[in-house]
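Reader: Please examine one part of this model closely, covering its burial, its ends and its packing. Where a term depends on a cut-off, kindly state the cut-off.

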Amino acid sequence: KRRNQTPVGGTSLGRFFTMQDGYQMLQYRAIVSSVGSRILDRGLFLLDAFRGFDVDNDGMLNCSELYSGLRFLGLDFKPELVYDIIKNIDLDGNGGISFFEFKLTFMAGQSGGYSEENVSAADFKPFKVKQYKIPELKDMMREEEKSKQKVTSSQLTKLSYHVERVAEFNSVWKSRGLGTRQKLALYMPVTKFKWVERAFNGNKLILSLGCYANNE
């Protein structure tokens, strides 16, 4: 029986396929751990922090609210890093963070785990978070969509393609040093012409349909 297909980007494995290497993965883990620890040091539950950061009370954290919340915790990250965090947390791709996504990510940085019972029993004491506005991902994505050009049917008829055997790969991710049970590596086919080939392939592109996995 065939199992239902689930897009990998909407699962906890998605971040493994969007980050370039093990160093970037470790950096991300350090950031997540730091945020969870800072929330705990403030004497807050994750739900408390989420409620305090969500200044418009819409049940979602946008980029500005998360950026402001991190600065409230004493973490002066650049907006670009905030965008990277949201892209890795945002499972449904709407440009914001729900409490489920917030909890799923930052509970890892709280020693002793995370208890729903403690949260439900806690009395939330509102606190003020100074707001710092930054461009929103959803607006940036909307502008990006506007800049895209649709390919017409007549243009498609002029395209030709053929399949070639892959001759060269670049390593994009390795599990080495991450404590995984099975050693795994991901490779992406080289999709650039060599400098000598460019003169003869000016109107051609090499496209790859995905990564290749192999044991380290």
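Author: The account below follows helix 4, then its partner, and ends with a second helix pair. The model is predicted, so local features need pLDDT of at least 70 and side-chain atom pairs count only at pLDDT 80 or more, while totals for chains, interfaces and linings use all residues. Residues are numbered from 1 along each chain as its sequence is written, and side-chain values use heavy atoms, with hydrogens and water left out.

Helix 4 spans residues 63–72; helices here are DSSP runs of H or I with at least four residues, numbered from the N terminus. Of its 10 residues, 9 are buried, that is, under 20% relative accessible area with a 1.4 Å probe and protein chains only. Among the buried positions are the polar or charged Ser-64, Glu-65 and Ser-68, alongside Leu-66, Tyr-67 and Phe-72.

At the N-terminal end, Asn-62 acts as a cap, with a side-chain oxygen 3.2 Å from the backbone nitrogen of Ser-64. Beyond the helix comes Gly-74, which has a positive phi near 90 degrees.

The axes of helix 4 and helix 5 come within 10 Å and cross at roughly 115 degrees; the axes are lines fitted to C-alpha atoms over the stretch in contact, with angles from 0 to 180 degrees between N-to-C directions. Helix 4 is therefore roughly perpendicular to helix 5, a class that runs from 65 to 115 degrees, with under 35 roughly parallel, over 145 roughly antiparallel and the rest oblique. The crossing is right-handed. Cys-63, Leu-66, Tyr-67 and Leu-70 of helix 4 meet Pro-79, Val-82, Tyr-83, Ile-85 and Ile-86 of helix 5, contact being heavy atoms within 4.5 Å. By class, this contact holds 9 nonpolar, no polar and no charged residues.

Helix 5 covers residues 79–89 and includes Asn-88. Asn-88 counts as buried because its relative accessibility is 15%. Its side chain reaches the backbone oxygen of Asp-84 at 2.7 Å.

A further pair is formed by helix 3 (residues 46–53) and helix 6 (residues 99–106), whose axes come within 10 Å and cross at roughly 130 degrees. Helix 3 is therefore oblique to helix 6, and this crossing too is right-handed. Leu-46, Leu-47, Ala-49, Phe-50 and Phe-53 of helix 3 touch Phe-99, Phe-102, Lys-103 and Phe-106 of helix 6. Here the residues divide into 8 nonpolar, no polar and 1 charged.

Key: Helix = DSSP H or I, 4+ residues; strand = E, 2+ residues; numbered from the N terminus. Buried < 20%, exposed > 50% of the residue type's maximum accessible area, 1.4 Å probe, protein only. Polar contact = N/O pair within 3.5 Å; in protein donor to acceptor, adjacent residues only side chain to side chain. Left-handed = near helix turned anticlockwise from the far one by under 90°.
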